Amino acid sequence: MKPAPFAYVRPSSLSEALTALGEDPDAKVLAGGQSLLPLLSMRLAQPSRLVDINGLPDLDHVDVTDEGVRVGALARHSAVLASAEVERVQPLVTLALRHVAHATIRNRGTTVGSVVHADPASELPAVLALLGGSVDVEGPRGRRTVAAEELYVGPLETSLSHDEIAVEAFFPALGPRSGVAFEELARRHGDYAMAGVAALVEVDGDDVVSASAGFFSVCERPTVVDLTCAEDPGEAALAELEPSADIHASLDYRRQLVRVLTPRVLAAATEHARRRAHG
Amino acid sequence: MAEVFRDDLHDVTLHVNGAAHDVRVPARRLLSDAIRHDCGLTGTHVGCEHGVCGACTVLLDGRPVRSCLMLAVSVADAEITTVEGLGGDDDSLGPVQQAFAECHGLQCGFCTPGFLTTITAGLRENPTPTREEATEMIAGNLCRCTGYQNIVRSVLRAAEIQAGEQS
Amino acid sequence: MTTRLFGQRVERVEDQRFLRGRGRYVDDVLVDTHAGTLHAAVLRSPHAHARIVGIDVEAVLDLDGVHAVWTHEDLPGPMAEPLPLLIPHPALTHGRTQHALARDEVNYVGEAIAFVVAEDRYVAEDAVDLIRVSYEVLPPVVGIDAARAATCAVHDDVPDNVGARMEQRNGDAPAAIAAAPRRISLDLMIERSSCQPMEGRGVVSRWDPDTSRLTVWSSTQTSTGVRGCVAARLGLDLDQVDVITPDVGGGFGVKINHPWPEELLVPMAARALGRPVKFTEDRREHFISSAHERGQVHHVEVGFDDDGRVLGLDVMFWHDHGAYSPYGLIVPIITATQLLGPYKPGAYRVRFESLFTNTVMVTPYRGAGRPQGCFVMERTMDAIAAELGLDRAEVRAANFIQPDEFPFDHGLVFQDGRELEYDSGDYPASLHKIKELIGWDGFPALKAEAAAEGRRIGIGLACYVEGTGVGPYEGAHVHVETSGKVKVAIGLTTQGQGHATVFAQIVADELGVPLEDVEVVSGDTRRMPYAVGTFASRAAVMSGSAVHLAAKAAKDKALRIAAEALEADVDDLEIVDGVVRVRGTDASLALGTVAVLSNPLRYAFDEASKLATQFVVGDPGKPPVAEDDEPGLEGRDFYSPQRATFASGMHAVIVETDPDTAEIRILRYAVVHDCGNIINPMIVEGQIHGGVAQGVGGALYEKMEYDESGQLQNASFMDFLMPYVTEVPGEIEIDHLETPSPLNPLGIKGAGEAGVIPGSAAIAAAIEDAEGIAITSMPISPSDLFALRSRKETP
């Protein structure tokens, strides 16, 4: 289990990085590497060139404003998780990050890397999608913002083109009358979930104005379902989802987890929203 | 299948346990291999090479990372600490190492370096862990021998030893 | 008096180097830069069953850094023959073993086809990728059902895929069952798992042309076994081959099988290339080319009376042997015999078929067939209790062999070819202890309370007996140096069990020396060429006894020499803190000095040795070394018992199952353990902890997932779910019982494997109790439990 050979460049500016990436259609970006390195060592990925962006300046920011949380491409999960400001402005990011692998992986893995790796089993894509976040991307054609709903194309597949680098993820702030909750079920603590749900609920007084849930490890893509009017949120969600089976969870079981987790998480998010709304 | 080409070699200085090691490595050289084979520090062990077992955990600027999930070329500017760097200058055992000896926290010893580095950093962040926090601290490392019972005890005992040394 | 160390919680001496990162594991030997070590990689079959039509290695030879590549047709002489069938058995009529490199056909994904040696492992893997093999893919046989159906054959010349059929009986079980007032039958299954030590296999070898000697370092459980195979296959005299077992990062059984192809290929390459060669197995290779175990399907017929006494027990089972059977029938024979546990059925018959499948071969994994046997017997006990509406513990008690019935002969033949005769035990006492420890009698009230809160909890109990310390023998060599330091060599190998500590305890006690003066070396054929290996929980019993005997021999000699030098009677001497003293006087002699005197010298090499030179000591009227004596203060002895000694124990567990998600959580786990006299309780408890964790893994998490084409779906630590700390019980409650074995001088029984044996049985029972659903197959995941619930609701 050793990587196949590749050329390695460690640019010191974004433009150098984009050039290095653009020159080689088989090049890949290395940020935290916590998903990429196993693929390299198993030779499931054999890029001809790695563009290591860890030397780029000014990309490890975790900027928090009233608008939301902006996470730079080199900010490690652990840095985002450690930020009390992040938790204050968008607690769902913090809730989700606690479930991303183990602490040692979070020390190196990047939040933006996780967002654009687009693993349907991972937490952050679903969170980004649920919150209506976006990713800022630099490329030969300049900078653009890609909304989460346009980002996820398929398993491990985004709408970014090969010569683009995701430089920042944006998680919108939680509204004053909104609440969030997060739950996942994994075989072992720290594993990819057998199913996971994040919920976002907005209330007006005691009434729920909107309710939606983001699902991961259920279908081939992170999927957001509007459950505002759902009487039976579990079944309503299942009507919109196409769960798949794997060695850890049968189709029926995965459906059961959606049935169980969805109402639980919605209830918790509603409760959270009410607490916030009542100040 | 991609055509295999000759590796370009890179000159890298790895800073390990306070010493500089000048090594010439291909880009694909995993940090775990560089530490073991190029620096000759074989205390760091390789158990899975896909980042799950934690045996290869070293401290990178004080924080635990999987050395099998890093490339040697990408860490030239960082300070690395391996198990060999956890004791005192006089070859004495550090608090975590002492606790493992007292509590029978190891059997075959293969996963141990990863636990020792992880716990050393963990106790720096949280010097007085509860049992639950001690468990969480080691939750990302696999051990096949001990059933973890005595490793959790070792974490708590190390915290005591450390507190005793500091008071 | 020095405190006796036997029975004390002595801290481990080996930890000092491990904790400093100074362990020396096989991949640490001849570490690259200066040694010029070359590295090997293996091309492995991507198909479960295929004929090899052609192999093209041309591209490899053009690759920079590649030194050599071998396929089967390049293997010289005996290297080209099938690997040895290590443990032949008359019932194994169709034993098959693989070649070091596949010849013509591959029978599992992972079977070795070509062997490449290159400058480093990276380049060796590049080279492997460049080898072109053309295959004619054959239909694979995957799983016990497919093997039994036998629509395809794994081996053309093995009819119905049956490698062995075997039967043992004591009495007429079918007749006893037919005549019994009550009868039930059960179908029970355990799935495949594997050892997964944190360190995989590994071999390093160096040929020394100056001395014509080969040194092999292997991460093995038997250095003498490897040595014998290497010498035979490489055409060397045994005397030319040294096998050294360095520190080993866990074994759990998989490293007792030998020779692995690489254990022959690496030395062959080192000799051919004149450079040291190293092979370090990676984790994926470990999953697909190192042995698995556990996969068995069982059918039970049992007849019993109204008190739950078993009158007749008839078991038929099917053992998945994988593609080859190098380790013979050890695993199914152990299931067949150890299934009986602490019970004495009126009549017993057991039959099994050992089946070939196109999967990784099967050899013992900690417990070695016992977890399956225990599962079968204990599930049967629970089923009898359920049928009769009796307490599960009572039904067990009704079937126990009683303390006054030892030695108890089951009338069967055990895995070592000897009678299955239990030496000692006290099962009623164990049951009493485990019931107290877990609060068995109070549990129904707890369960009712939980139910009132909408929670489901259940309790389970499982008992086992484990034959430990099988022969043929182990030996020890004890050498007192003139410094007074004591060097001990044992032949079997160590993988983390603390042998260097427990055997030092025994020697220190016997010789009267401080523990820190004793150094134990294991698994080095230069130091102890006669040895068997570490398996069957035998190290403490076998080597412990041998060490005790060898130390006693050294002590007897020391006293004899000292008595002469001190002009005292041997019976008046004692050794305390490394000094021989005449009791009640000031006369004394350091043990090191005794060592000096033991070796009559012509030449003094230091100040102390002057004492032993020819003008200083010796009776001119006698030869300097008596006719029946040898120079040096040494003791060497071997221990070879007539049969195994039988340890036992009971586990009880309380689980909670989630009514919605079917998650299974262990609330309490209790163990009562009887391994005879305990040398070091700290170490025994550590063995139990580790065994229990593996038992929990085997019950709830670990399972080899093969698809129909014979691809292993979960060949990584991401998907083969070994427990982390978060998956094992927070506390394992342990109580000991010490029923000494009458068979060995220290009264020891083995302790290494016990912890894992009853895990699946106890946890299945607890889940069944919580859910009211029969649990007949393990491991069980939340997804599985959910499926069982659904089946119950919509049958």
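**Domain and chain contacts in a predicted model**

Let me start inside chain B, where 17 residues of domain 1 are in contact with 11 residues of domain 2. On the domain 1 side of that contact, the elements of chain B that contribute two or more residues are β3, spanning 57-60, and β4, spanning 63-66, and the largest share, three residues, comes from β3(B). Sorted by class, this side of domain 1 of chain B has eight nonpolar residues, eight polar residues and one charged residue. I should say at once that this is a predicted model. As for the division itself, domain 1 of chain B covers 9-85 and domain 2 of chain B covers 95-166, and their C-alpha centres lie 22 Å apart.

Turning to the contact between chain B and chain C, 48 residues are taken from chain B and 49 residues from chain C. On the chain B side, the elements giving two or more residues are four helices, namely α1 (31-38), α2 (95-103), α3 (112-125) and α5 (149-166) of chain B. By class, the side of chain B that touches chain C has 22 nonpolar, 18 polar and eight charged residues.

Let me finish with a single position in chain C. C:Pro623 is found in the loop that runs between α17 (591-597) and β25 (634-639) of chain C. Is C:Pro623 buried or exposed? C:Pro623 counts as exposed because 10 other C-beta atoms lie within 10 Å, and the cut-off for exposed is 12 or fewer. Finally, C:Pro623 and C:His736, which are 113 residues apart in sequence, are 54 Å apart in space, C-alpha to C-alpha.

Conventions:
Residues are numbered from 1 along each chain as its sequence is written. Chains are lettered from A and ligands numbered from 1 in the order in which they are written. This is a predicted model: local features need pLDDT of at least 70, side-chain atom pairs count only at pLDDT 80 or more; totals for chains, interfaces and linings use all residues. Domain bounds come from an automatic or database domain assignment. Two residues are in contact if their C-beta atoms, placed from the backbone, lie within 7 Å. Ala, Val, Leu, Ile, Met, Phe, Trp, Tyr, Cys and Pro count as nonpolar, Asp, Glu, Lys and Arg as charged, and the others, Gly among them, as polar. A residue is buried if 20 or more other C-beta atoms lie within 10 Å of its own, exposed if 12 or fewer, and partly exposed in between; C-beta atoms are placed from the backbone.
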